[in-house]
Amino acid sequence: AAAQLLLNDERLFSDDVSCYLSQTFWKPPHHGLGTSWHQDNAYFGVEQAHRGAAMWTAVHDATKENGTIEVIPDVWRKGVLKHSRDGDSDHHITCRDKVDSSKAVPIELKAGGVVFFNYNTPHRTRANLTAKPRAAVAYHFLATAHWVERAFPLPEHAEWITPIVWGPNCSQGKAEYGEEANSFEKDVEDCVNEKMKIFGETEE
């Protein structure tokens, strides 16, 4: 429902919209690491950042203690900041030297809550210091009129498909996968339940 509200906003998306990238983040208790300050557009390179939007969804309650996402408002207006290699990661880049962390706004969410931000918004997560796991899912939407070829790396053997998820050419996945893939809610529920089993949790 949250994604539908976003995609219905004609100020951002007036035609076809693709899911440009989807990610899951699993942070085990006590030692789930954070991700340093960065802008998605430092990876994506979309000329008009407001034509894309990230939707970060909390799978578990996301708090400051378990490393929820933090953003710095208004900096997106400055465009893409200079990024450098993050020495704490084997593949990430960071703009932490170009932002004022004192202006960070932690976004605490109940499980199922979402936060939206455009591709130029600096954001980070911190380590999970609690005794319970914390997970999140991120979808990055992009107006297909502003689509650019991928310039960022993917894990080995990962398949990159950018299905049209909204607009007149949306085929419910049939054009991209050969069959309709309109079981999103069930797929998310199955994925979450499976991961909860791995972490030793059960659904209440």
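This passage walks through a five-stranded sheet and the nonpolar cores of a predicted model.

A good place to begin is the sheet, which is open and has 5 strands in the order β8-β3-β10-β1-β11, with antiparallel pairing. Its edges are formed by β8 (114-118) and β11 (164-166); each has a single partner strand, so one side of each is left without a neighbour in the sheet. On average, and with direction ignored, neighbouring strands of this sheet are turned by 35° against each other. At the β11 end, strand β1 (residues 17-27) runs antiparallel to β11 and is joined to that strand by 2 bridges. Here Val 17 stands opposite Trp 166 in β11.

At the other edge, strand β8 contains Phe 116. Phe 116 is partly exposed, with a relative accessible area of 34%. Its C-alpha atom lies 9.0 Å from that of Thr 57, although 59 residues separate Phe 116 and Thr 57 along the chain.

Attention now turns to the nonpolar cores. In soluble globular proteins, nonpolar side chains tend to be buried together. The largest nonpolar core in this model has 12 residues, among them Trp 56, Ile 69, Leu 109, Val 115, Phe 117 and Ala 138. At least two residues of this core come from each of β3 (52-58), β4 (69-71), β8 and β10 (134-143), and β3 gives the largest share, 3 residues. Beyond its neighbours within four places in sequence, Phe 117 is in contact with Asp 40, Ala 53, Ala 54, Trp 56, Ile 69, Val 71 and His 123. A second, separate core has 10 residues, including Ala 135, Val 137, Val 192 and Met 196.

Notes:
Residues are numbered from 1 along each chain as its sequence is written. This is a predicted model: local features need pLDDT of at least 70, side-chain atom pairs count only at pLDDT 80 or more; totals for chains, interfaces and linings use all residues. Side-chain values use heavy atoms; hydrogens and water are left out. Two strands pair if DSSP finds at least two bridges between them. Helices (H or I, at least four residues) and strands (E, at least two) are DSSP runs, numbered from the N terminus. Axes are lines fitted to C-alpha atoms, for helices over the stretch in contact, and angles run from 0 to 180 degrees between N-to-C directions. Buried means under 20% relative accessible area, exposed over 50%, partly exposed in between (1.4 Å probe, protein chains only). A nonpolar core is a set of buried Ala, Val, Leu, Ile, Met, Phe, Trp, Tyr and Cys residues joined through side-chain atoms within 4.5 Å. Contact means heavy atoms within 4.5 Å.
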